[in-house]
Amino acid sequence: MIEKIKDEEYKFISEPNIEVVETLEKITKSSKEPIAVGEIGIGVGATAVEIVRFLGNKDSYYFFSYEDDVKELEKDLKNLDYCKCKLYPMGNTKTIYDSYNWKLGLLYRDTEDLFDLVYLDGAHTFLHDGLATALLKKLVKPGGYIIFDDLNWSYKKAPDLNPEIRPETLKEFSEEQIETEQVNMIIDVFMKTDNEWELIVKKNNSGVYRKKPKSSTENEKNNKDMSRKKPKSFLEKLKSIKN
Ligand SMILES: C[S@@+](CC[C@H](N)C(=O)[O-])C[C@H]1O[C@@H](n2cnc3c(N)ncnc32)[C@H](O)[C@@H]1O
């Protein structure tokens with residue numbers, strides 16, 4: 001698979017995501033604990049080959065995509081002499097309603113606070129990535145990151161999927177959905193509305209969001225609780241009536 005990185009046909013997915021690389025570099029410099037990274041949607045492995053460069057033998061890389069693709073990438077990564085981390089291929093079938101969300105759901109059922117960083121770069125639809133985001137918000141550790149790619153992507157703008165080139169798109173999505181930048185919509189719905197997450201940087205069509213470390217969210221909650229006036233107890237109320 002990774003031989004396709006240099007292939008002209010795959011030029012739109014042949015560059016690693018720079019925000020992922022920079023954020024991971026920062027994490028590996030500061031963390032003393034084993035690191036777990038997830039990538040949703042692997043393409044031809046352009047970002048994968050960079051991710052594993054940063055990871056040591058105690059670290060883990062979980063990669064989610066169609067099952068044939070994850071198998072191929074696993075084989076390629078194992079052949080890289082610098083790839084030392086544990087590899088977790090998380091494949092799904094190509095049946096209509098299957099997606100990486102199933103595997104994410106299985107993880108969600110068993111665990112939380114698993115990932116230090118997840119790079120979400122799969123279908124870019126509200127249908128798939130809305131649910132993925134909801135699941136990932138628990139699966140990412142406090143202090144960890146979700147990086148969203150292709151914020152401005154839409155079916156209307158996609159050279160291969162817009163309805164003029166691919167009429168089936170009109171049967172799959174409404175006009176409004178075709179025109180909407182669905183990753184931006186996911187951010188509006190799930191990230192901007194959630195105090196536990198903060199935007200770190202938005203550039204190169206990617207958005208880096210960080211789950212606030214536990215202490216800061218707990219402090220914020222406590223401060224809010226302190227500022228709220230405590231309701232009078234029943235006894236206090238009785239006393240004040242008497243006076
Ligand atoms: C833009 S590419 C990912 C590029 C890659 N993240 C990188 O930076 O090199 C999107 C990937 O998501 C996968 N994908 C899209 N929809 C999917 C689905 N429903 N289930 C599994 N994989 C899916 C595609 O097959 C493709 O590999």
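The protein chain holds 10 helices and 7 strands. The model is a predicted one. Of the 243 residues in the protein chain, 33% are buried. Among contacts with a separation of 6 or more, 72% link residues 24 or more positions apart.

The strands form an open sheet of 7 strands. Their order is β3-β2-β1-β4-β5-β7-β6, and the pairing is mixed. Strands β3 (86–92) and β6 (197–203) are the edge strands, each pairing on one side only. On average, neighbouring strands of this sheet are turned by 15 degrees against each other, direction ignored.

Strand β2 (residues 60–66) runs parallel to β3, and 7 bridges join the two. Within this pair, Y66 stands opposite N92 of β3. The chain passes from β2 to β3 through helix α3 (residues 67–78). This β-α-β crossover is right-handed.

Strand β1 (36–40) pairs with β2 in the parallel sense over 5 bridges. Here E39 has F63 in β2 as its bridge partner. Strand β1 is also joined to β4 by 4 bridges, and these two strands run parallel. In that pairing V37 stands opposite L117 in β4.

Burial of β1 was examined next. The strand is mostly covered, with 5 of its 5 residues buried. In a regular strand, side chains alternate between the two faces of the sheet. Both faces of β1 are covered. On one side A36, G38 and I40 are buried. On the other side V37 and E39 are buried. E39 is thus listed among the buried residues and is the residue bridged to F63 in β2.

An antiparallel pairing occurs between strand β5 (residues 140–148) and strand β7 (residues 206–211). It extends over 4 bridges. The bridge partner of F148 in β7 is G207.

Helices lie across several of these strands. Helix α1 (residues 18–30) lies across β1, β4 (115–120), β5 and β7. Helix α1 runs at about 175 degrees to β4. Helix α5 (residues 126–139) lies across β1, β4 and β5. Its angle to β4 is about 170 degrees. Strands β1, β4 and β5 are crossed by α1 and also by α5.

The ligand is surrounded by 18 residues. The closest are G41, G43, T47, S99 and D121. The shell around the ligand divides into 6 nonpolar, 9 polar and 3 charged residues.

Conventions
Residues numbered from 1 in each chain as written. Predicted model: local features only at pLDDT ≥ 70, side-chain atom pairs only at ≥ 80, totals over all residues. Near = placed C-beta within 6 Å. Nonpolar A, V, L, I, M, F, W, Y, C, P; charged D, E, K, R; others polar. Pairing = 2+ DSSP bridges. Axes fitted to C-alpha atoms, helices over the stretch in contact; angles between N-to-C directions. Contact = placed C-beta atoms within 7 Å. Buried ≥ 20, exposed ≤ 12 C-beta atoms within 10 Å, placed from the backbone. Right-handed = clockwise from strand over helix to strand, strands pointing away.
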